[in-house]
Structure formats: C-alpha cells, structure tokens
Amino acid sequence: MPLHRSLLLRLPLLLVALAPAACAVPVAGALSDADANRVLTALEASGVAATKEPDPENEARFQVSVAREDASLAVTVLNNEALPPAKAPGVLDALGESGIVPSRTAEHAKLVAGTAGDLERSLRAIDGILSARVHLAVPEADSLSPEETPRQPSASVLVRHRGINPPLAVADIQRLVAGAVPGLLPSQVSIVATPTPARARLAERELARLGPVTVTRASLLPLKLIVAGAAVLNLISIGLVLLLWSRLRRAQLSLETRLGES
C-alpha cells in the first residue's frame, strides 16, 4: 500500500492520540525530578491527569502539564499542597553569598538563616508535612565581654500537615530543631501545627487509562466513543480503498481482454 494512503488511513487515530497533548498547559516549571514527581503524585491523587516533560526553558529541569480544562483545579490542588515547595537557602547557600569583607554580624545572620532553611527542607521531606517555616532567635556571642552570660537561643516552628494528626510528634520536631542549634533546648522550641483536611475526591474525578491516554472516568466514555468512531472510519476507509482497487483491477482485466481479442 502506498505510504501516503497508509498515512491517510491512520490520520483519525493520530488526531485522537495528539488531541490531549495539543490542549495541555504547564502548571509548574523549573522543577527538580523529585519535586516534579511530588507534583504529579499530588495532582493524580486529586483526580487530575498530568504529564511530566523536560522544561524547554530550564536545562535539566522538568515541567508538569495538565489539560486546559483542568488547569484551574490543578492550581488549587498545588496551592493546598504547598507545591512546588519554596526554595529555602541552606547554610552553604547563605555563606556563599558573603561579601568581600563580611562583618561578623552578617556572617552570623546568614548562618542562622541557612540553618533555618536546612531545617525547613528536612521537615518538608517528611511524608504528610505540606509546608514548614522555622524561625530561629540565636543571639550572637559578644567576644568583647566573654564573662557576660549569653542569652539562651529560642525557636518557633510553623508546620502545616495533611490530616488531623501531624506525621511527626511535637517532641520529635523540638528535638530535631534543638539539635541543629548549639545551646538550644527542646523546651525552648515552640511548635504550631496546623492541620489541612484531606481533599475529598469526587467519583467522576477518578482517573482511568485507555491505552497511553489518562483521563477521568467521566471523560472515559466520550473518549471510547471517539476511538470507536475513529476505528469505524478507518475500517470504512479501508473498505472503500479495497472496493476501488477491485473495480480498477476488473477494469484493467477487461481492458487487457479486449486488447487481446483485437
């Protein structure tokens, strides 16, 4: 069968396969592989079909796209899940921003900010914790008055978690934060835990797969009808081509017979 005729016969199926990709819009970009996977998991858990692909504007980064009609719901889900996570500077990042002649106070402030950023990332890595903010009050030691008793450091932590109970006990969070700051006692760490109810997923938002395409169950029947219609059109096209080929073949044989008799 000629190549162009084969492509024409497969055109309906190609259009069905490419239709979801043509209407996809990115909802998160410049993500690491781990963050992109977390975004995918959160969206699919809420019944939003999503795909991960390389970000064309950021090398070695990924973006997550959803169908255009699901974009509003996807943004709402990501906001509720605090995704993608905000980048908090760590100790190495903070110290790397030092000036040519940094002051002792500036270096101390950057070290404290970097420690808080590292603690926030550690807390966010725990399954069930959506976001975490760590505020450290660490007085700088006065080298001019070593006899003076230094003030005790303190900390406050705001954690937003999924469900009613936090995935990590308050005492464990206190020990985690206190262990990162010299001289900080667990009793000096104040914890505020805010629960976020799990988002109820409607039955029609349950995801289903049809071949390589992932859609909601509410969209599964229309997609099946489209695929079935495309298959019927494909069969009709094949039948018409065979019928036309048969008629041309008979006409050719009839012409050859007449030429042979003459």
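This is a short walk through a predicted model, with suggestions for what to select at each stop.

**Start with everything shown**

Colour the whole protein by secondary structure before you zoom in. You should find seven helices and eight strands. Now switch to colouring by accessibility: of the 262 residues, 27% count as buried. One more number for the overall picture concerns contacts between residues at least 6 apart in sequence: 62% of them join residues at least 24 apart.

**Stop 1: a three-stranded sheet**

Select residues 24–31, 50–54 and 62–67. The first two stretches are S1 and S2, and residues 62–67 are S3. Together they make an open sheet in the order S1-S3-S2, with antiparallel pairing. S1 and S2 are the edge strands, each pairing on one side only. On average, neighbouring strands here are turned by 25 degrees against each other, if you ignore direction.

Show the backbone atoms for a moment. Strands of a sheet pair through backbone hydrogen bonds, either parallel or antiparallel.

Which residue of S3 is the bridge partner of proline 54? Click on phenylalanine 62, and you have found that partner. The bridge belongs to a pair of strands, S2 and S3, that run antiparallel and share five bridges. Then move across to S1 and S3, which also pair in the antiparallel sense over five bridges. Here, pick proline 26 and look for serine 65 of S3 opposite.

**Stop 2: the loop between S2 and S3**

Keep the sheet on screen and add alanine 60, which sits in the loop between S2 and S3. Check its backbone: phi is near 60 degrees, a positive value in a residue other than glycine. Is alanine 60 buried or exposed? With a relative accessibility of 70%, alanine 60 is over the 50% cut-off and so counts as exposed.

**Stop 3: the helices on the sheet**

Next, select residues 33–45. This is H2, which packs on the sheet and touches S1, S2 and S3. Look along S2 and compare directions: H2 makes about 165 degrees with that strand.

Now add residues 71–80, which are H3. H3 lies across S1 and S3, and runs at about 30 degrees to S1.

Hide the strands so that you can look at the two helices on their own. Two packed helices are described by the angle between their axes and the distance between the axes. For H2 and H3, the axes come within 10 Å and cross at roughly 115 degrees. The two helices are therefore roughly perpendicular to each other. H2 passes H3 in a right-handed crossing.

Turn on side chains where they meet. On the H2 side, show Val39, Ala42 and Leu43; on the H3 side, show Ala74, Val77 and Leu78. By residue type, this contact has six nonpolar, no polar and no charged residues.

**Stop 4: the loop after H3**

Follow the chain out of H3 towards H4, residues 91–95. In the loop between H3 and H4, stop at alanine 82. Its phi is near 55 degrees, again a positive value in a residue other than glycine.

Continue along the chain and label leucine 83 and proline 84. What kind of peptide bond joins leucine 83 and proline 84? Zoom in on the backbone here: the bond is cis, with omega about -10 degrees. Proline 84 also belongs to the loop between H3 and H4.

**Stop 5: H5 against H6**

Select residues 104–124 for H5 and residues 170–180 for H6. Their axes come within 10 Å and cross at roughly 150 degrees. That is why H5 counts as roughly antiparallel to H6. The crossing is right-handed.

Bring up the side chains again. H5 contributes Thr115, Leu119 and Leu123, while H6 offers Ile173, Leu176, Val177 and Ala180. The residues of this contact divide into six nonpolar, one polar and no charged.

**Last stop: alanine 171**

Stay on H6 and pick alanine 171, which lies in this helix. With a relative accessible area of 36%, alanine 171 is partly exposed. To finish, draw a distance from its C-alpha atom to that of serine 187. The separation is 8.9 Å, for two residues 16 apart along the chain.

Conventions: Residues numbered from 1 in each chain as written. Predicted model: local features only at pLDDT ≥ 70, side-chain atom pairs only at ≥ 80, totals over all residues. Heavy atoms only, no water. Pairing = 2+ DSSP bridges. Helix = DSSP H or I, 4+ residues; strand = E, 2+ residues; numbered from the N terminus. Axes fitted to C-alpha atoms, helices over the stretch in contact; angles between N-to-C directions. Contact = heavy atoms within 4.5 Å. Parallel < 35°, antiparallel > 145°, perpendicular 65-115°, else oblique. Left-handed = near helix turned anticlockwise from the far one by under 90°. Nonpolar A, V, L, I, M, F, W, Y, C, P; charged D, E, K, R; others polar. Buried < 20%, exposed > 50% of the residue type's maximum accessible area, 1.4 Å probe, protein only.
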